[in-house]
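Colleague: I am new to this structure and would love a guided tour. Could we go through it together in questions and answers?

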Amino acid sequence: MGSIILQIIFAGTTIGMIYALVALGFHLIYKGTGVINFAQGEFLLLGSMLMWFFWVNIGFNVFLAFLLTIVCSTLAAILVERVTFAPLRNQPHLTLIMVLLAVAALYTHGMLFAFGNNPLSVPSFLSKTSLSIFGAGVHSQAILVAVIFILSLFGVHFLFTRTMWGRSMVATMINKEGAKIIGVNVDLVSLYAFALSAAVSAAAGALIAPISGAYYARGFIWSVKGFTAAIVGGIETTIGVIVGGLLVGLIEMFLATVFSADLAEMFLFIMLIVTLWIKPAGLLGIREAKK
Amino acid sequence: MKRHGILIVLLVTFIAFMLLLTNTPAPTQSIRGSKPIKIALHFSTSGWGRSFAVEELHGGLLAIHQINAAGGIYGRPLEVVITDLRSDYNYAVTVAKKMAADKEIIAALGDGASGIVMAMKPVYFEAHMPTIAPVKAGILTKENFDYTYRCLFNDDWAVPASLKLWKETLGIKTISILHTADAFGQSGGDTMVARAQEYGIKVLSRDNYAVTATDVTPQLIRVKAVSPDALIMWGYGEPIINAFRGIKTIGFNKQILGPSGIFDANIISAVPEQVIGAIIADAMSVDDPIDEVQKKFISAFKAMYPGETFTVYAGAVHDAANILAEALKKVVKGDESIDRDEVKRALDKTDYFGNVGHFKWSATYHEAPEQLMLMTAKKVGSEIKVVRYSK
């Protein structure tokens, strides 16, 4: 029984870290633009797809493939931001959300066009595929996900607390006009937010590909789970989205194992609705969510 | 003498008449034609159900190539209309409607996914279009199957037969079942639960997963918790790869059993180490053929598609195309248009020895032969081979 509980904790933490990384992507763009990027799951999936392309299909070294994946995903996000988002930045939020939904569809169909309709399989980065800890198994790839998870967490925390860029992003989120007055280049802040968010998501996508595979149509579900994590934890705080991701992953794994996967999915969305209803800023949110 | 002369004349006349009759071919054979005969070859070569689709398509194309090389159906070549059904139920129905509307198309082969064939079945029933599919779900031939034929065994028979084999050969006493949440998986799971006790096997747990599932870890944790003698993975497709990985990750080290779906080329290439030792029950092993028919097919397939991995599914569709050709030989009259109902009546008289056994169809029996053996994945040199299981 002990090893089963431990197994649920390990599996839940692994999937939770992935949700947290997607949520972190939401958090970065929200901080930089004040907008929810519904193409976040697609950003992550592009990382999985490109990892397959550079490593499995072309045959590059795994480190080179990983780096190229991050670079290409970041460039794609920069292009998207410049072409679709930047020209409309002063439009109402609803317009921006619609544009980002269109970007999500663009990514999905672009990946279908480029990589086809078949699920792609990526092998584990490490030769040993699993580890046993107190009788419970852990996918070796989960260790790498944990490394990126911790690096991203501290990196983003450092960005917002110790750098001018991060402070500019916070200022832009709180009051765009005010930020402009004090000399913040909101145009550049938005660009950085997209680039950074895409880089984190691409790294996460590349690392989870050996666990979950890569299929062009899965971006939406990553977006939904990551969004749930961000809202539950609190999209405005780095620690909030991290806690939200881990919480969603653990609850989902626990309910799916003890009851059923369908019930777990239902519960997550109920949790999302209840959070928006009772505490819209999220469990660790520091203030009321902006309307 | 005169009487003898008359008798001789009569005898000679009779012999001449008999010779004339003997040399006269059957009416259907007398008129040769050249107009192509169109048949639909539709398989889900993309999407979640693609596991065996390419080899199924190629099994059919190989047979058609062989039939056409031998002169077609009395001079008329078989022309195929190939469509990817995309593993999409709605799209498959649209394709079926298109095929049914084209009166020149006289029969269809495929898909390999039970749910897809079930979705197309009403359209073809309405259009009187005979369809032969390598589909195992029992439900396919339960009702309204006048125009639906099966070229791989029915799971309603195969599941109990597999249980019997597993019990007798492997001594399995307790099982957990993990199946796909589609017609194929549901049908296999239902039959296993209903019949396991007859063979002294206890079902400890039963779970399913969506064919598009990204993670089956919760289901595997539940299996590990009940600790069965064997886990039966009654499914196919991408989630099986994740399941094999998950099994290794969570440290479940009991026997893995399943249908041939767990040994498709994509799965073997994605998780080669994990499939070693798993056991399936099926009708043909490409690496270990049981008779000359299989050997001949395997060698022809390898010659036509060098380097391509294939299994019993290719053999079954090869059989299906040959059975259809035999039926067409009974109904084709020169270049006259062919009636689908006539083809159906000819298919109902099928008596054919193929890769998956002896087909014997009638108006009320459209099942594939009941031929089954245990096979396992073994490492031979650097390759994974699927060979007949022996202790």
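What follows is a friendly conversation about pockets, cores and one glycine in this predicted model.

Colleague: Which element gives the most residues to the lining of the largest pocket?

Modeller: The largest pocket has a volume of about 800 Å³. Among the 30 residues that line this pocket, those closest to its centre include Ala261(A), Glu265(A) and Asp215(B). Elements that give two or more residues to the lining include helix H1 (2-33) and helix H11 (261-278) of chain A, together with strand S7 (202-209) and helix H8 (217-226) of chain B. The one that gives the most, with four residues, is H11(A).

Colleague: How many charged residues are in that lining of the largest pocket?

Modeller: Sorted by class, the lining has 17 nonpolar residues and five polar ones. The number of charged residues is eight.

Colleague: And the second largest pocket: which element supplies the largest share of its lining?

Modeller: This pocket has a volume of about 540 Å³. It is lined by 27 residues, and Ile268(B), Asp287(B), Thr309(B), Phe310(B) and Ile384(B) lie nearest its centre. Helix H10 (265-270), strand S10 (279-282) and strand S14 (383-388) of chain B each supply at least two lining residues. The largest share, four residues, comes from S14(B).

Colleague: Let's turn to the cores. Which element gives the most residues to the largest nonpolar core?

Modeller: In soluble globular proteins, nonpolar side chains tend to be buried together. Here the largest nonpolar core has 92 residues, and those touching the most other members include Leu21(A), Phe43(A), Tyr107(A) and Trp222(A). With 16 residues, the element that gives the most to this core is H1(A).

Colleague: How many residues does the other core have, the one that lies apart from it?

Modeller: Leu163(B), Ile232(B), Ala320(B) and Ala368(B) are among the members of that other core. Its number of residues is 79.

Colleague: Why does Gly75(B) count as partly exposed?

Modeller: Gly75(B) sits in the loop between helix H3 (53-69) and strand S2 (78-84) of chain B. Buried means under 20% relative accessible area and exposed means over 50%, with partly exposed in between. Gly75(B) counts as partly exposed because its relative accessibility is 24%.

Colleague: What distance separates the C-alpha atoms of Gly75(B) and Gly33(B)?

Modeller: Leaving aside neighbours within four places in sequence, Gly75(B) is in contact with Arg32(B), Gly33(B) and Ser34(B). Gly75(B) and Gly33(B) are 42 residues apart along the chain, and their C-alpha atoms are separated by 5.2 Å.

How values were computed
Residues are numbered from 1 along each chain as its sequence is written. Chains are lettered from A and ligands numbered from 1 in the order in which they are written. This is a predicted model: local features need pLDDT of at least 70, side-chain atom pairs count only at pLDDT 80 or more; totals for chains, interfaces and linings use all residues. Side-chain values use heavy atoms; hydrogens and water are left out. On a 1 Å grid over the protein atoms alone, a cavity is a set of points where a 1.4 Å probe fits but cannot get out, and a pocket is an open set with protein on both sides within 12 Å along at least five of seven lines; lining residues have an atom within 4 Å of a point. Grid points are joined across faces, edges and corners, and a volume is the space filled by probe spheres set on the points. Ala, Val, Leu, Ile, Met, Phe, Trp, Tyr, Cys and Pro count as nonpolar, Asp, Glu, Lys and Arg as charged, and the others, Gly among them, as polar. A nonpolar core is a set of buried Ala, Val, Leu, Ile, Met, Phe, Trp, Tyr and Cys residues joined through side-chain atoms within 4.5 Å. Buried means under 20% relative accessible area, exposed over 50%, partly exposed in between (1.4 Å probe, protein chains only). Contact means heavy atoms within 4.5 Å.
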